[in-house]
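Visitor: I would like a close look at the aromatic rings in this model, and at the charged groups that sit over them. Please take me through them in one connected account.

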Amino acid sequence: MPGGRRNAASRNGQSKSQANFSVSSNIGIRSNSGERTAGNGADDRKSELCGMKALVPKHVPIPVVPVDGHLTFEALSLVVSIIAASLQMLNLYRTVWWLPHSYNNYSMNFYLIDPYLLVFIIIMVARQFIYSLLHRVIDVSSPVRWLPTAQKMMRITLLIIVMNILCWCLYHMAERHNSMKIFYLCYPSLSVYFVMFGISAAPFFDISTPLYGKDEKKTKFLMDKPLHNCSLNASAIRAEVSTLRSDFNRRLKRALFASSSSAYVCGIAPIIFVPQHLHFNISWVVQHVIMFWLERISAHFSHAYPVRYCDVLHRAALHLGRWVKIENRSSHTYAQVWNDSILWPHGSVVRHNKEIYRSEGFCTVAEPGNSNHYRFYALFSNPTMLLCSILGLQLLLVCAQLLILLRTTDWYQVLSITLLLVINYYTLFKVTRDYLICWKVYHAEQIIQEKSQMIANSTVQ
């Protein structure tokens, strides 16, 4: 050793594997006993910088993947929702117009369909596209200093117009139908909306883009996309993870509400207002609702969690790491007291809240026993798991629709399942492309991380 001194851990009789170092941006390199290693100042500073660099995960850049813009996605969602609502009307009000003695000249009994219900459905599925279109027009035409005021006035004006049209439709529907049907139409969506979003009106229009606080958006987001900072400060890493976790949950809530509300308005609302004397295939109608709902879930998830967004969560998870509780431990197990300002290397053993934990990951700054940190690392340490889940759901849906199509003989059923299948092919293509790109990139990253881990372990020893 330089200067003829021994490491404090070696004086205590600890092995090299136990003398793992821990790095912090403000306390430098420490031995497993928590003492600063001896040596002159230049050597300490040099070893500190080397230790910090050894604990920084290596990130592989993600290639540019084409994604649908917000306005494009809302336009596609509008078209898909109108097609799904029309197919549900066909399932309910179809006729046998091709028979020679049939009294029907059209494929559907249009006179049985409530026109106010049609206006209600169209307004509900078109409100987000109209909002996105107006939002884009204002962004392009308004001066920067007037932009916030113009957007706020546009949202208020559009909300008043939409609510007036919906109330007008509900008033005329209440005169023609039982009041319980109006209750079934409005109560589920309103109750779920207020439980998820409270009295905020923004999610009613802008489902796909999450909302952020003023300070949060200025410092950690750019163009509504989260940013990642490869920091060596443990507190900063945990704060970044907390922000990303909140953003992920917001996107999840909005994707679930958007898909469920579309399925309810386009699939279930026409069933509520079916005349009592009308007979239809109940199992096929219910199946149509489920198929459309699952398709909307996959579409909204693939839009809310694109490849670059998942990559930001993955990079934060690599910096976070996780702790695994050691259940079968001996009484002689050596463990340090966990320090929230230290970057703990792989394999470190700490004591926290009377429990013993071992670190996993390239470096670990997570709080031992924190379930939020544990789930974040488990989900995003390998982001292909999320994309694989969406891909599995979409493949299962497409395969089920193909099997149903092979066994279907009625013309309206063939038309209905074929159009839904064509819609699902587009989502399947996007999800498959994203999954293959992520699988290739993160496989290469894993190889690099393993080599870096070997170098870090040799540095410790």
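**Aromatic rings and the charges over them**

Guide: In this predicted model, Arg251 lies over the face of Tyr309, at 4.2 Å from the ring centre. A second arginine is placed in a comparable setting, for Arg127 lies over the face of Phe204, at 4.4 Å from the ring centre. Phe204 also belongs to a cluster that ring pairs link together, whose members are Tyr131, Tyr193, Phe194, Phe197, Phe204, Phe205 and Phe257.

Turning to the ring pairs themselves, a search of the whole structure finds 17 aromatic pairs. One of them joins Tyr116 and Trp168, whose ring centres are 5.2 Å apart and whose planes meet at 75°, and because an angle over 60 degrees counts as edge-to-face, the pair is assigned to that class. Tyr116 lies in helix H4 (residues 115–141) and Trp168 in helix H5 (residues 147–176), so this pair ties together parts that are 52 residues apart in sequence. Trp168 has a relative accessibility of 42% and therefore counts as partly exposed.

Another edge-to-face pair is formed by Tyr193 and Phe194, with 5.8 Å from centre to centre and 85° between the planes. The two partners fall into separate accessibility classes: Tyr193, at 8% relative accessibility, counts as buried, whereas Phe194, with a relative accessible area of 46%, is partly exposed. Both Tyr193 and Phe194 are among the members of the cluster described above, which also includes Phe204, the ring whose face Arg127 lies over.

Terms used
Residues are numbered from 1 along each chain as its sequence is written. This is a predicted model: local features need pLDDT of at least 70, side-chain atom pairs count only at pLDDT 80 or more; totals for chains, interfaces and linings use all residues. Side-chain values use heavy atoms; hydrogens and water are left out. Rings of Phe, Tyr and Trp (its six-membered ring) pair if their centres lie within 6.5 Å; planes under 30 degrees apart count as stacked, over 60 as edge-to-face and the rest as tilted. Helices (H or I, at least four residues) and strands (E, at least two) are DSSP runs, numbered from the N terminus. Buried means under 20% relative accessible area, exposed over 50%, partly exposed in between (1.4 Å probe, protein chains only). A charge sits over a ring if NZ of Lys or CZ of Arg is within 6 Å of the ring centre and within 35 degrees of the ring normal.
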